[in-house]
Amino acid sequence: MKQKKKYRSVIGNILIVMGLLLFAAALTLVIYNVWDGKRAEHASTAIVEKLEEVIPDDIETPEEVIVPEGLEPEIDPTMPTEMIDGYAYIGTLKIPSLGLNLPVMADCDYTRLKISPCVFSGSYKTNDLVICAHNYARHFSPVKWIDLGADVYLTTVDGVMYSYKVSNIETVQPMAVDQMIKNSHNDKNVSNDWDMTLFTCNTGGQTRCAVRCIRMDK
């Protein structure tokens, strides 16, 4: 009987220790995520300040592309960039209703996403731009709750401001790349009508939130 009590006591102590270790691990993860989010916020703010120094003061609107009837417009999708701290940026993304003003990198990988939102595919010139960012509190986490009709502004490094409004919010599976990037501009076989997408992970990371935007200055 005493041996059973002793055995139960040992098991109980082990479970308590394991519980404390799991709690400590969870707390460490929370602290790291908060720290990482603050680090990303400070990095983005510093980069936006540098970009605003090089973006011309006399902001313009995009020029209308006029082509003869029956011909396809010839548009160079290449976006001008500005190098800052060894990385290329296409400009800044501002969402007034969320209090966000973020830089946008021209290329996308894990290292770059730790610093700034990045171009995933497409171009603002061809109206199929897709921008992705981590689910940081001051990167793209707030876009999951953005209102339909909210204003979004992309200001390029050469001083052109593209104006958008949020038209739709979709939940997309992680591997559904075609659904994320294809629209009526880059694939005539689909009916999706949007000009820019902002996407990030939903809570838990099992799905993606895709915020579709329509250009208002076309």
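**Notebook: Phe120, aromatic pairs and strand E2**

I looked up Phe120 and found this residue partly exposed, with a relative accessible area of 35%. The model is predicted, and I read every value below with that in view.

I then looked up Phe199, which is buried, with a relative accessible area of 9%. Because buried means under 20%, Phe199 at 9% falls in that class, whereas Phe120 at 35% does not.

I checked how many aromatic pairs the model holds, and the count is two. In one of them, Phe120 and Phe199 meet edge-to-face, at 5.2 Å centre to centre and with 90 degrees between the planes. I noted that this pair links distant parts of the chain, with Phe120 in strand E4 (residues 118–121) and Phe199 in strand E8 (residues 196–201), 79 residues apart.

I recorded Tyr124 and Tyr162 as a tilted pair, at 4.8 Å centre to centre and 45 degrees between the planes. Tyr124 lies in the loop between E4 and strand E5 (129–132), and Tyr162 in strand E7 (residues 161–172), 38 residues apart. Both tyrosines, Tyr124 and Tyr162, are buried.

I turned next to strand E2 (residues 87–95), where seven of the nine residues are buried. I traced its partners in turn. Strand E1 (residues 82–84) pairs with E2 in the antiparallel sense over three bridges, and Glu82 stands opposite Tyr89. Strand E3 (residues 100–105) runs antiparallel to E2 and is joined to E2 by six bridges; here Lys94 stands opposite Asn101. Strand E6 (residues 151–156) is also antiparallel to E2, with four bridges, and Thr92 has Thr155 as its bridge partner.

Technical notes
Residues numbered from 1 in each chain as written. Predicted model: local features only at pLDDT ≥ 70, side-chain atom pairs only at ≥ 80, totals over all residues. Heavy atoms only, no water. Buried < 20%, exposed > 50% of the residue type's maximum accessible area, 1.4 Å probe, protein only. Helix = DSSP H or I, 4+ residues; strand = E, 2+ residues; numbered from the N terminus. Pairing = 2+ DSSP bridges. Phe/Tyr/Trp six-rings, centres within 6.5 Å; stacked < 30°, edge-to-face > 60°.
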